[in-house]
Amino acid sequence: MMTKRLIFIGLSVLILAGCAGKAVQYESFDPNNNWQADGKLGIKYPRCNEYRGCTEQAVNASYVWMHNPATDQLQLFDPTGQEQLALHYAGDRVQVHEGGQVEEIGIDQLADRLGVALPIDQLDEWLTTERTEKEWDSHGWHVRVSDWQGHFYRRMTLTQGDYRIRLVTYNVKPI
């Protein structure tokens, strides 16, 4: 009895994992219109101090990214589902929502704060535009994409020096 239950649970997990791995196709998807993406984000970066030198740090989060032609909003969630950071950006201005505080800064100030200039104005195109080349350099970043899902790449990795950002996108849907 217990063996049958374990086999049933194992098969159920495999079936659910298989279903979760397939992206839904939207015939009317247009990357220039409103859409929402969700997935996971991993960042590796150096953290340096004068006494210990530099060590590699890592941050992992779930994300929800809402895009429209004029603005983008990126929300990052910790493993418990609590929002830790939200970025609203339009043009060269970014609103940073963190810890109940809201700060409006420029793209250059965001780069100073993060320690690296993020190509946030290019990410939507890199995610939703199929390319013949799967690796390229742009804005100081080495970009690698894989696993085209019909209207987005499931995996995107950005590397610049000691910084690495990995996006694993589960779904992109029109909103």
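In which sense do strand E2 (residues 53-67) and E3 pair, and over how many bridges? Select both strands to follow the answer: E2 and E3 run in the antiparallel sense and are joined over 6 bridges, where two strands count as paired if DSSP finds at least two bridges between them. The strand names come from DSSP runs numbered from the N terminus, with at least two residues for a strand (E) and at least four for a helix (H or I).

Before going further, note that this is a predicted model, in which local features need pLDDT of at least 70 and side-chain atom pairs count only at pLDDT 80 or more, while totals for chains, interfaces and linings use all residues. Residues are numbered from 1 along each chain as its sequence is written, and side-chain values use heavy atoms, with hydrogens and water left out.

**Strand E3 and its neighbours**

Stay with E2 and E3 and pick out Val64, which stands opposite Gln75 in E3; the two strands form a hairpin with 4 residues between them. Now select E3 alone, residues 72-77, where 6 of 6 residues are buried, buried meaning under 20% relative accessible area, exposed over 50%, and partly exposed in between (1.4 Å probe, protein chains only). In a regular strand the side chains alternate between the two faces of the sheet. In E3, Asp72, Leu74 and Leu76 point one way, whereas Gln73, Gln75 and Phe77 point the other way, and all of them are buried.

Next, add strand E4 (residues 83-90), which pairs with E3 in the antiparallel sense over 6 bridges. Phe77 stands opposite Glu83 in E4, and the hairpin formed by E3 and E4 has 5 residues between the strands, with Gly81 in the turn showing a positive phi of about 90°.

**The disulfide**

Move to Cys48 and Cys54, whose sulfur atoms lie 1.8 Å apart and form a disulfide, the rule being a pair of cysteine sulfur atoms within 2.5 Å. The count by this rule comes to 1 disulfide. The torsion about the S-S bond of Cys48 and Cys54 is about 105°, so the disulfide is right-handed. Colour the two cysteines by accessibility and Cys48 counts as partly exposed at 47%, whereas Cys54 counts as exposed at 53%.

**The salt bridges**

How many salt bridges does the structure hold? There are 4, each defined as a side-chain nitrogen of Lys or Arg within 4 Å of a carboxyl oxygen of Asp or Glu.

Select Glu104 and Arg93, which form a salt bridge with their closest N and O atoms 3.4 Å apart. Glu104 lies in strand E6 (residues 101-106) and Arg93 in strand E5 (residues 93-98), so the pair ties together parts that are 11 residues apart in sequence. Glu104 is partly exposed, with a relative accessible area of 46%, and Arg93 is also partly exposed, at 35%.

Then select Arg131 and Glu133, whose side chains meet in a salt bridge at 2.5 Å, N to O; Glu133 is partly exposed, with a relative accessibility of 34%.

Finish at Arg154 and Asp147, where the side chains meet in a salt bridge at 3.5 Å, N to O. Is Arg154 buried or exposed? Arg154 counts as buried, at 6% relative accessibility, while its partner Asp147 counts as partly exposed, at 35%. Add Arg155 to the selection to display the network of salt bridges that links Asp147, Arg154 and Arg155.
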